[in-house]
Amino acid sequence: MAPTYAVTGASGRLGGRIARRLAAAGLPQTLLVRNPARAPELPGATAVSASYDDPDAVVRALRPTDVVLMVSASETPDRVQQHRTFIDAAAAAGVAHLVYISFYGAAPDATFTLARDHWHTEEHLRASGLPFTFLRDNLYADFMPALVGEDGVIRGPAGDGRAAVVAQDDIADAAVAVLRDPTAHAGRAYELTGPEALGLDKVAATVAAVTGRPVSYVPETVEEAYASRRAHGAPDWQLDAWVSTYTAIADGSLAGVTTAIEDLTGHPATPLEQVLRT
Ligand SMILES: NC(=O)c1ccc[n+]([C@@H]2O[C@H](COP(=O)([O-])OP(=O)(O)OC[C@H]3O[C@@H](n4cnc5c(N)ncnc54)[C@H](OP(=O)(O)O)[C@@H]3O)[C@@H](O)[C@H]2O)c1
C-alpha cells in the first residue's frame, strides 16, 4: 500500500509549511485541524476537524496507511495530556508512523520547562508501540524578532549564553525528508539546529540590520525577569516557560550545533540573517 500522509497544525506556521511541501510533491494528505475554515487549500489535501483532545475525531481522521506529522500543541497547562490523547488515538487507528516535532535537548530536567513537556510526550510515544521519529527543534529563528520589546530591547536572563536558532523552512524540509522515507528514520531523534550558536547581542544586531531599526540586548537577572513578566498577569507555568527560555540560553542548553538539517535535507541550515530577510 502506498503511504498517505496526515499533518496536524496545518493552519499554523510550521505545519502549514510541511503541508505545502507535501502538496507541491503531489502527495495526498489529510489535514487535521481544529477549524477546517483555517486550513490551507492545497491540491490533494482534505481538511478534517480533529483537535488533540478529541480522540474519536482523531481515530476517524487517521488511516493505517498514514505517516503522521504531529506538531506540538499551543502551550496550555494540559498540553502533555492532549498530546497523550492524540498519540493514543493514532495508535488505536494503527497508523504506519508518527513524526513528532519535539524540542532540542528534550529531557525530564531540561532548563527550558517546555522541553520537559516534549520529553514526556516522547516517552508516551515510545511506549505506544508506534514507529516514531522525533525532530527536536532549537528555538525558531523566525521568532527572534518577537523577543524585541516595543522599546527595541531584548530583555531576559540569558547572560552571554548562545542558542543555535533554526529556521522553520529548514525544519519543514527535514520533516518532509523523514515523512517520505519513515522506515529509514524509525526510532531516531534528530536535534535540529541552525548553522551557528548566537548570543542575544548578535541576535539583536541581526534584527537591527534587517529591519533598519535600533535593537539591543540588555541582560536581566532571573528576579528581574519574573518581576517584569508578572505584570502581564500570566500564570506561574507560563512565567516559568518564558523565563526559562532565557536561562536555557544562559546555561548553554541550547548552544549545540548539529549537522542534522544538512544530513536530512542535503542543504545547509540557513543563517538567521537570511531567515529574517526572507
Ligand atoms: N521552537 C520554538 O521556538 C517554538 C516557539 C513557539 C512555539 N513552539 C511550538 O511549536 C509549535 C508549532 O509552531 P508554529 O509556529 O507552527 O505555531 P502556530 O503557528 O501557532 O501553529 C500551531 C498549530 O497547532 C494547532 N494546534 C494547537 N493546539 C492544538 C490542539 N490542542 N489540537 C490540535 N491542533 C492544535 C493550531 O491550530 P489552530 O489554528 O486551531 O490554533 C495551529 O495549526 C507550537 O504549537 C508550539 O508548541 C516552538
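**Helix crossings and ligand shell**

Modeller: In this predicted model, the axes of helix 3 and helix 4 (residues 113-128) come within 10 Å and cross at roughly 20°.

Colleague: Why is helix 3 called roughly parallel to helix 4?

Modeller: The crossing angle is roughly 20°, and angles under 35 degrees count as roughly parallel, so helix 3 is roughly parallel to helix 4. The crossing of these two helices is right-handed.

Colleague: What makes helix 1 oblique to helix 5?

Modeller: The axes of helix 1 and helix 5 (residues 168-180) come within 9 Å, and they cross at roughly 50°. That angle is not under 35 degrees, nor does it fall in the range of 65 to 115 that counts as roughly perpendicular, so it belongs with the rest, and helix 1 is therefore oblique to helix 5. Helix 1 and helix 5 also cross in a right-handed way.

Colleague: Why is helix 7 called oblique to helix 8, rather than roughly antiparallel?

Modeller: For helix 7 (residues 222-230) and helix 8 (residues 236-250), whose axes come within 10 Å, the crossing angle is roughly 140°. Only angles over 145 count as roughly antiparallel, and 140° also lies outside the range of 65 to 115, so helix 7 is oblique to helix 8. Their crossing, too, is right-handed.

Colleague: How do you know that Leu14 makes a polar contact with the ligand?

Modeller: A backbone N or O atom of Leu14 lies 2.7 Å from an oxygen atom of the ligand, and a pair of N or O atoms within 3.5 Å is a polar contact, so this pair qualifies. By the 3.5 Å cut-off, Tyr52 qualifies as well, with a backbone N or O atom 3.0 Å from a nitrogen atom of the ligand, and so does Gln82, with a polar side-chain atom 2.6 Å from a ligand nitrogen atom. The protein covers 85% of the 900 Å² of accessible area that the ligand has on its own.

Colleague: Which residues surround the ligand, and which helices supply them?

Modeller: The ligand is surrounded by 22 residues, the closest being Ser11, Leu14, Arg38, Ser72 and Gln82. Helix 1 (13-24) and helix 3 (79-93) each supply at least two residues of this shell, which divides into eight nonpolar, nine polar and five charged residues.

Definitions and conventions: Residues numbered from 1 in each chain as written. Predicted model: local features only at pLDDT ≥ 70, side-chain atom pairs only at ≥ 80, totals over all residues. Heavy atoms only, no water. Near = heavy atom within 4 Å. Polar contact = N/O pair within 3.5 Å; in protein donor to acceptor, adjacent residues only side chain to side chain. Areas by Shrake-Rupley, 256 points an atom, 1.4 Å probe, with all protein chains shown as cover. Helix = DSSP H or I, 4+ residues; strand = E, 2+ residues; numbered from the N terminus. Nonpolar A, V, L, I, M, F, W, Y, C, P; charged D, E, K, R; others polar. Axes fitted to C-alpha atoms, helices over the stretch in contact; angles between N-to-C directions. Left-handed = near helix turned anticlockwise from the far one by under 90°.
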